[in-house]
Amino acid sequence: MAENMKMEDEMKTSVEQMEQDPSSSDEDEEDQEDDEEEKEQGEVEDPEIHRLELEIQANPYKYDSHVNLIDHLRSSGDLDKVREARRNMSEVFPLTEELWLQWIKDEIPLSYTPENKQEIISLIEKGVKDYQSVKLWIEYCQFIMDNMEGDDSISNVRNTFEKAITAAGLHVTEGSSIWDGYRDFEMAILDSFEQMLTDENIDSMEEKIASQRERIKSLFKRQLAIPLMGMQGTMRDFETWLEDDDLPSNVRQDFEKAEAKLEEILAYEDALASAKPPKLTEYRTYLEYELNKGDPVRIQCLYERALKENCLVGDLWIEYTGYLDFKLKMPSIAITVYERALRNCPWVSVLWQNYMKALERSKVEKSKIKDTLDKALTCGFTVSQDYLQLWHCYCSFLRRQVKDWNEGTLDEWDASYTRCHTRLTIVNERRAKAAEKEATKEAAQVNSERATAHEKKHSKGTKKDVKKLDKKSKPQNLKRKMDNESEIPKETSEPAFKKPYGKGKVEDNVQENNETVEEETREHKYERSSDPNKIFVSNLLFSITEEKLKNKFKELGEVQDVRIVKNKAGKSKGYAYVEFKDESPVPAALALDRTNMDGRPMFISPCVDKTKTPTSFKFATSLDKNTLFVSNLPFEIKESEVEQAFNKHGKVKQVRLVTTRAGKPKGYGYVEYEDENSASKAIMVMDGFILNDRTISVALSNPPSRKPSHSEPAAPPLPAPGSRGRSKTQVMLVPRALQKKSAPTSSTSSSVDETVEGKEEASKGFSNDYFRQLLQKK
């Protein structure tokens with residue numbers, strides 16, 4: 001009863017208050033309505049969000065649906081649902097650099113408690129495992145620096161920077177930002193130590209300052225030993241920081257080696273920078289170069305860079321994991337990469353098979369491998385063969401677990417496979433060399449047969465020449481016999497007219513012709529043969545002897561034969577052939593090209609068959625952006641002086657001063673740089689530069705195009721010979737009307753017809769048939 005009275009009193013009081021202040025009741029009603037509306041709006045979701053959630057629920061492997069759902073939830077401002085959507089996506093897919101950075105930046109402003117900060121650290125550590133991301137590592141280091149608390153805070157920052165350097169410090173284009181951040185952090189500590197220095201703590205602080213300076217110096221040394229973009233600026237910063245201290249010699253040597261390495265890989269980096277994503281071809285070329293060099297840390301870094309832009313290329317993951325399995329042989333690293341690979345390409349059956357083998361090498365429990373098989377079978381391979389190979393791999397694993405069979409371990413199988421692969425490689429190389437040797441032998445045999453045929457052809461021509469000379473000498477011999485009949489000795493058993501006048505001359509001619517044919521055949525054989533042991537040396541002084549030439553080249557290796565080509569009079573033609581015992585000294589001999597011998601440059605080239613391998617100009621014949629054309633040079637200047645003048649603007653690869661065949665300078669030359677930027681810089685500075693009292697001109701090398709061979713003027717046509725031939729002083733009495741290309745008339749003589757035909761043939765160019773008919777007429 002008392003309680004009911006109390007409730008009635010409260011209701012009366014509330015009614016009185018509402019009557020006294022009606023506006024407050026209205027406000028309360030409005031607030032209540034607003035709350036109800038907000039509740040209703042919360043219950044009714046965005047239809048697009050609802051649709052995306054249903055899509056993901058039906059198929060969690062739709063990547064675009066996850067991304068679109070995260071974007072819509074961020075726009076709605078529902079942080080809890082955004083977190084849930086991001087977690088769901090990260091369980092199925094590895095997130096990109098942009099998604100991780102977006103997630104972390106959304107969470108950092110809400111991290112007030114130590115628990116929240118630890119969650120963000122865990123989040124970032126999970127993000128850096130997906131792909132190699134320099135930006136994500138920098139964000140990680142920055143977050144640790146911003147939340148330095150406790151005595152271990154400095155060591156935590158240093159450990160984080162060290163992990164960042166290990167993961168991405170070798171990134172050629174972006175890695176320097178991690179090093180610079182690490183160094184700036186250590187320099188800030190050094191500045192604080194110097195500010196804390198007082199008279200009371202001078203001893204302890206000076207020790208700390210010296211230790212901190214050594215730490216910074218060590219960071220500089222480590223960074224300068226790595227080929228990174230902008231390393232020249234780092235060296236300048238180091239020299240400035242040292243102030244009056246000398247730069248250590250070992251630092252200079254390591255820097256030069258790293259700079260040389262950077263010059264080598266700069267072309268690959270430029271190709272990557274200019275290519276469009278995903279740049280798979282450029283990355284494969286770059287990887288081939290690094291694999292040949294064999295630096296495992298650089299190879300890993302480059303694979304990580306390539307996979308960041310080609311994460312869905314299964315073959316690239318297979319190559320990377322195979323390198324880790326059989327070259328690096330570190331199972332802990334390989335298993336982590338396999339897990340990332342399968343998150344990116346779960347449809348590749350080979351990756352699952354290799355992953356199970358890697359788990360077996362790591363000696364994990366059988367249940368782990370069975371769980372891996374079960375997970376792989378749910379990925380939905382498109383080909384039944386993939387399932388078969390997966391089961392075959394698992395059955396092989398189970399068979400190896402039976403100890404009574406003594407089949408051996410997987411490591412023993414790997415070792416056997418490696419030995420077999422190495423042996424097969426050696427056998428294939430030997431087979432290739434044997435096939436090449438056989439092909440060379442067959443080519444030499446063919447060339448020998450051609451030379452023999454050529455010699456026979458020349459021999460036939462020589463016999464015809466002898467007959468012709470004999471025929472011409474008979475009338476003269478008869479007249480001489482009649483004039484000198486009284487002078488013939490009586491005791492001679494043979495009549496004098498049978499011994500023709502000029503017989504000795506004919507024999508001399510025959511002997512000379514035979515020697516010429518032999519010399520031409522021998523020379524032709526040398527010129528046409530292709531021998532890897534021979535070199536061709538030209539532009540020699542006529543006074544050079546074979547012995548002198550042999551002494552020149554015997555320093556490079558054992559010389560088997562030297563032959564200077566000579567003319568009929570036995571004088572040198574200015575070129576020769578040098579044959580070594582084997583082909584090992586040939587590259588060193590070719591390196592002596594254009595070196596002087598008795599004041600005249602030698603031209604050295606390999607001895608090849610020009611009909612099969614036409615010679616080509618060894619330097620660029622079009623625009624070359626790395627090479628400069630330098631004119632108006634002093635005639636007495638040396639290549640070393642030119643290189644010294646141009647080396648200030650970049651690394652000079654080669655300097656060539658153009659000379660005459662006698663070795664005298666022409667006053668111009670070419671300077672070739674390692675890269676295009678150095679050449680451009682040299683043009684800006686050196687054009688118009690005064691060198692040894694002469695103003696030189698510098699421009700890009702762009703030689704004029706060479707005229708094609710068919711544009712050369714044809715040789716003047718030779719007149720067709722008659723029945724007896726005609727001397728040079730004879731006049732060809734042929735009317736001009738008959739020398740035209742019109743058809744000959746019936747009254748034209750046969751000799752005139754032959755002349756006109758010869759002219760027509762000459763205007764077209766002589767053919768083999770023409771010369772064959774010419775020889776037959778003789």
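How many helices and strands does the secondary structure of the protein comprise? The count comes to 28 helices and 12 strands.

## Overall composition

The structure described here is a predicted model. Of the 778 residues of the protein, 32% count as buried. The accessible surface amounts to about 50,600 Å², and carbon and sulfur atoms contribute 50% of that area.

Among contacts in the protein with a separation of 6 or more, 61% are made by residues 24 or more positions apart.

## The sheet S2-S3-S1-S6

One open sheet contains 4 strands in the order S2-S3-S1-S6, with antiparallel pairing. Strand S2 (559-566) and strand S6 (603-606) form its edges, each pairing on one side only. From one strand to the next, the twist averages 20°.

Within this sheet, strand S1 (residues 534-538) and strand S3 (residues 572-580) run antiparallel and are joined by 4 bridges. Lys-534 stands opposite Glu-579 in S3. Helix H23 (residues 546-553) lies across S1, S2, S3 and S6, and its direction runs at about 140° to S2.

## The sheet S8-S9-S7-S12

A further open sheet of 4 strands follows the order S8-S9-S7-S12, and its pairing is antiparallel. The edge positions are taken by S8 and strand S12 (697-701), each of which pairs on one side only. The twist in this sheet averages 25° from one strand to the next.

S8 and S9 are paired in the antiparallel sense through 6 bridges. In this pairing, Leu-657 stands opposite Gly-669 in S9. Two helices are associated with the sheet. Helix H25 (residues 639-646) lies across strand S7 (624-631), S8, S9 and S12, running at about 140° to S8. Helix H26 (residues 676-686) packs on the sheet and touches S7, S9 and S12, with its direction making about 30° with that of S7.

The strands S8 and S9 are also linked through side chains: Glu-672 and Lys-653 meet in a salt bridge, at 3.9 Å from N to O. Glu-672 belongs to strand S9 (residues 665-673) and Lys-653 to strand S8 (residues 652-659), and the two residues are 19 residues apart. Which of the two partners is buried, and which is exposed? Glu-672 counts as buried because its relative accessibility is 17%, under the 20% limit. Lys-653 counts as exposed because its relative accessibility is 52%, over the 50% limit.

## Helix H12 and its surroundings

Helix H12 (residues 231-242) has 12 residues, so at 1.5 Å a residue it should span 16 Å; its end C-alpha atoms are 16 Å apart, in agreement with that expectation. Immediately after H12, Glu-243 adopts a positive phi of about 60°.

The buried residues of H12 are Met-231, Gly-233, Thr-234, Met-235, Phe-238, Trp-241 and Leu-242. These buried residues pack against helix H10 (176-195), helix H11 (202-224) and helix H13 (249-274).

## Salt bridges between helices

Side chains of opposite charge can pair when their charged atoms come close. Across the whole structure, a search finds 29 salt bridges. One of them joins Glu-97 to Lys-308, with the closest N and O atoms 3.1 Å apart. Glu-97 lies in helix H6 (residues 97-107) and Lys-308 in helix H15 (residues 296-309), so this pair ties together parts that are 211 residues apart in sequence. Glu-97 is buried, having a relative accessible area of 11%, whereas Lys-308 is partly exposed, with a relative accessible area of 31%.

Helix H15 also contributes Glu-304, which is linked to Arg-340 in helix H17 (residues 331-344), 36 residues apart. The link is a salt bridge in which the closest N and O atoms are 2.8 Å apart. Glu-304 counts as buried at 12% relative accessibility, and Arg-340 is buried with a relative accessible area of 11%. Both values fall under the 20% cut-off, which means that each partner of this bridge is classed as buried.

Technical notes: Residues numbered from 1 in each chain as written. Predicted model: local features only at pLDDT ≥ 70, side-chain atom pairs only at ≥ 80, totals over all residues. Heavy atoms only, no water. Pairing = 2+ DSSP bridges. Axes fitted to C-alpha atoms, helices over the stretch in contact; angles between N-to-C directions. Contact = heavy atoms within 4.5 Å. Buried < 20%, exposed > 50% of the residue type's maximum accessible area, 1.4 Å probe, protein only. Areas by Shrake-Rupley, 256 points an atom, 1.4 Å probe, with all protein chains shown as cover. Expected span 1.5 Å × (residues − 1). Salt bridge = Lys/Arg side-chain N within 4 Å of Asp/Glu carboxyl O.
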